[in-house]
Amino acid sequence: MDNSNEILGLYPTWYQPALGSGWVLGIIAVIHVLASHTSVGAALVSTWLATVAVRRNRPELLEYVRRYGVFLLVFSYVLGSITGPGIWFSATVASPRGLSALIHSYVWWWATEWVFFFIEVVGIYLLVYLAGKVDGRSYLKIAWIFGLASWATMLIIVGILSFMMWPGQERWFTEGGTLNGFFGLYTFAQILSRTCFMLMAAALAGGLIAAYLRDGAFRLEMTRKLAWVGILGAVLGAVFFQWGLTTLPESAQLLMKTRLPGSFVPAMWAILTAIVIYFFALLLRPGTLNAPLAAGMMVGLLIFGIWPEERARESMRKPYVAGQFVYSNQIIARDVPALGVKSELPALEARGMLALHPFMPEHLRQIGEGNELEAGHALAIVYCSNCHGLGTTGTRPFGEMFAGNRDAADIERFIKGALVTGNMVNMPRIPLHDDEAHALAQFIASLPLWHSITR
Amino acid sequence: MDIDTLYALRSSSGLPSHPAIFLVLLVLTWALHMIAVHVMLGSTALALTGAFSSNANWRRLAGPMLDTAKVAVSIAIVIGVAPLLFVQVIYDPFWYVSNVLSARWAIAFIVVLLVAYWAMYHHYFVGKEGGSATSRWSLAVSLALLLAAGFIMHALTSQALRPELWMAWYAPEGHLETAGSGIHEFNLGRYLFFIVLAAPVTGAWLLGCRRYLDRREPNDAPYLDWLAGLGNKLMTVGGFAALICYAAWMATLPGSAAGFPVSLWSIGANAAILLLILTPALFRSASGGYGPFATATGAILLIATAREALRHRILFGTHGYELSTYAVNLDWYSNALFCLTFAGVGGFAIAYSVAIAWEAGKTPAVYTASPRVDRLGGFALAALVVWIAQYFFFGFLVMTR
């Protein structure tokens, strides 16, 4: 049933003034990336070590694999398996239509990933609890099933993340088909770079376990092994990451150059260099490895590596949040003929948001003298609050926009010149009616007053 | 919300398969998720009782139950991902609105679950020898938080069934309330019903444990008999408690579900609960067995079906929401991908994992896989390799087209 002329399928908005809903999602996502990258990388490293342990009959190596597995269970699998659905929960409340667009296209891919995830979780328990309790040949099978299933979860999620940035093939818009949306050069570049960075994260985490080994010679051997894995992962990961950037469309490159903070690129190189230096230092002096140092490096990777990288990925796909057809403010901005999806911009242009939003109080459907500020607030909630704090807190707060200018006429001119026309490369087009633009400008101009009333 | 709005809230991307397929998978995976949840809650409660008890049998039971709980949390979370996926696909208007209206609680769910899990691990690592006072309390905290997480899920599901109240919750007195800080709807009878079911399901689990241990530790009859007695008691008493909670739930259903308590679906749910109560007598399970747990699984599946029928009664009966009218944009590849992966890769890998864990668990010494089990592992590995090969094959095919 098509009701696009009557009402739009927009959800209520969750507005989080202190952090912004995007940051809540971002924090959960970044923690998940650390845990999941570590667990996939560690699954591959564990498979390799288990193979060496069985083939060369080295029980101490098997014990290392078991202890590493216990660490993974408590850290990566608890954290990763809960924050995984956590991303869904936070995206559900922060960006329901963006998530919905992904899920409705890729539900079977996600269900397939779920099969691998199940195998992976069962596999880590078997790896831990059956170490030394089954014959070597069987243990190898368990390790390889675990390792490959874990890597397969990454293969699937990478394609979905790539689609989130940009459908792999332009023909996806007209022909549809998940394969067309899933596979592009960027997908393969991500597979390579993420696999390498996962190995690097696993080497960092493995250091935590190695630091507690009592057998000095074995400890040195493990430290060196992990250092080589870390160096290879970091260097090759950086190479593939650079290649991945070149596979992005021009607009994403432009956004990366113009919208990311100047510190982004140097920070990424700094953390990579620090990690490579750390691993080289361990190669030269493996005895210096200790648990606080290894833990500190992991926290460093989280704060200085994963956080800016995820933030950059988020910025580069602006103003869209999914598949280059759902805006970050949840409005569908482009026709996708293959799916029968229609842009909502024409309807908004014709009738205005206040008339078409299903969750709009009736007294705000028409702007009059008594409700202008409240209507402006409602418009800001719907159109702007996904990316902007509506006061002085949160991300990109209105209180700091317009260089402190609180002149309603100036703000209205900006809205009509840049936003209504869609002239800002990183912002959605916001097709406000004249009275809506006026109300929104009045609201932004009145922010100090509004805050004192609603605080 | 009128029906036009509910339809407008559907994803304009449509579905890649007929909605009935997702509906069946939703019920099936939700039932499996709940069985894991019930074992998780029951085993945590038993581990907690054992940790505080001076009775030798209870103290002995606490260790294996803590191990069970630890794994059950994992399994519950992993299986829970599937119904969470399917509910978003076919009931997106209801699920998303309910979550946004209680957004802080939806986010809190993650934190609550995380702390609950780690608190359980704290008791596991610190309290291996029966538990220190602190670790015992951390297990209590874990159980309380698991129950809180369940309550949040229950509330989100309840709110999804009340579209007529959404606007009043989102804009009380006409003013937008966007903090998402409230829990707007819950039904204590319904919540307690699904929690109390943990008792009979865990009882059935204990009967299975008794049988499993009997082969490994045949000289331990007094403890094993005590275990079977506890399992039987949990099934019968827990089943009666579930019956009372079910009645309380049915008595407090909203007007939109009037008539459901006497429907065939509801009669089926009652029969399932009675089956749980009667299982110890039916199976003469003093010596344990796997039949009771299989029966409990069937009973939970029946209850899950009745629960879905109630949702249909409210959404279709009251609001006119028809699932079958969801637009379908068929995607053959991803349909086939899931089915083949589920049956081929998943089937072999899980069968192998269960077989080897089962056999190794029964063998006191190092277990050497039988040719049959070994072959199963070989198939699982081969299926995985084929899957990865097809991924790159189709990837390159798409790229070169």
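What follows is a conversation between a visitor and a guide about a predicted model with chains A and B.

Visitor: What makes chain A as compact as a globular protein of its length?

Guide: The secondary structure of chain A comes to 17 helices and 2 strands. Its radius of gyration is 25 Å, close to the 23 Å that the globule rule gives for 455 residues, so chain A is as compact as a globular protein of that length. Along the principal axes, the C-alpha trace of chain A spans about 80 × 45 × 35 Å. Of the 455 residues in chain A, 67% count as buried, and among contacts between residues at least 6 apart in sequence, 73% join residues at least 24 apart.

Visitor: How is the size of the interface between chain B and chain A expressed here, in buried area and in residues in contact?

Guide: The size of an interface is often given as the accessible area lost when the parts come together. Chain B and chain A bury about 8,800 Å² between them, and 76% of that area lies on carbon and sulfur atoms. In terms of residues, 104 of chain B are in contact with 96 of chain A. For the accessible surface of chain A, which comes to about 16,400 Å², the share belonging to carbon and sulfur atoms is 63%.

Visitor: Why is the pair of Arg137(A) and Asp374(B) called a salt bridge, and what makes it a link between chains?

Guide: Side chains of opposite charge can pair when their charged atoms come close. The term requires a side-chain nitrogen of Lys or Arg within 4 Å of a carboxyl oxygen of Asp or Glu, and the side chains of Arg137(A) and Asp374(B) meet at 2.9 Å, N to O, so the pair qualifies. Arg137(A) lies in helix α4 (residues 136-165) of chain A and Asp374(B) in helix α14 (residues 371-400) of chain B, so the pair joins two chains. As for the surroundings of the two partners, Arg137(A) is exposed at 53% relative accessibility, whereas Asp374(B) is buried at 13%.

Visitor: How many salt bridges are counted between chain B and chain A, and how many over all chains?

Guide: The count between chain B and chain A is 3, and a search of the whole structure finds 25 over all chains. Between the two chains there is also the salt bridge of Glu175(A) with Arg401(B), at 3.1 Å from N to O. Elsewhere, Arg58(A), Glu60(A), Glu221(A) and Lys225(A) are linked in a network of salt bridges.

Visitor: How do you know that Asp214(B) and Arg210(B) form a salt bridge, and is Arg210(B) buried or exposed?

Guide: The closest N and O atoms of Asp214(B) and Arg210(B) are 3.6 Å apart, and the limit is 4 Å, so the pair meets the criterion. Both residues lie in helix α9 (residues 198-216) of chain B, 4 residues apart, about one turn of the helix. Arg210(B) has a relative accessible area of 6%, and buried means under 20%, so this residue is buried. Asp214(B), at 29%, is partly exposed.

Visitor: Where do Asp410(A) and Arg413(A) lie, and what makes Arg413(A) count as exposed?

Guide: Asp410(A) and Arg413(A) both lie in helix α15 of chain A, 3 residues apart, about one turn of the helix, and their side chains meet in a salt bridge at 2.4 Å, N to O. Arg413(A) has a relative accessible area of 54%, and exposed means over 50%, so the term applies. Asp410(A), at 31%, is partly exposed.

Visitor: What is noted about the backbone at Gln324(A), and why is Gln324(A) called buried?

Guide: Gln324(A) has a positive phi of about 60° although it is not a glycine, and it lies in the loop between β1 and β2 (326-327) of chain A. Its relative accessibility is 6%, under the 20% limit, so Gln324(A) counts as buried. Arg396(A), also a residue other than glycine, has a positive phi near 35°; it lies in the loop between α14 (372-383) and α15 (408-419) of chain A and counts as partly exposed at 41% relative accessibility.

Visitor: Which residues form the nonpolar patch on the surface, and why can Phe283(B) belong to it?

Guide: The patch consists of Leu274(B), Leu275(B), Leu278(B), Leu282(B) and Phe283(B), with about 450 Å² of accessible area together. A patch residue needs over 30% relative accessible area, and Phe283(B) has 38%, so Phe283(B) passes that cut-off while counting as partly exposed. Phe283(B) is found in helix α11 (residues 264-283) of chain B.

Conventions. Residues are numbered from 1 along each chain as its sequence is written. Chains are lettered from A and ligands numbered from 1 in the order in which they are written. This is a predicted model: local features need pLDDT of at least 70, side-chain atom pairs count only at pLDDT 80 or more; totals for chains, interfaces and linings use all residues. Side-chain values use heavy atoms; hydrogens and water are left out. Patches are made of residues with over 30% relative accessible area and no salt bridge: like charges are joined within 9 Å, nonpolar side chains (Val, Leu, Ile, Met, Phe, Trp, Tyr) within 5 Å. Accessible areas come from the Shrake-Rupley method with a 1.4 Å probe; for residues, only the protein chains shown count as cover. Buried means under 20% relative accessible area, exposed over 50%, partly exposed in between (1.4 Å probe, protein chains only). The radius of gyration is taken over C-alpha atoms; the globule rule is 2.2 Å times the number of residues to the power 0.38. Contact means heavy atoms within 4.5 Å. Buried area is the accessible area (1.4 Å probe) that two parts lose on being put together, summed over both.
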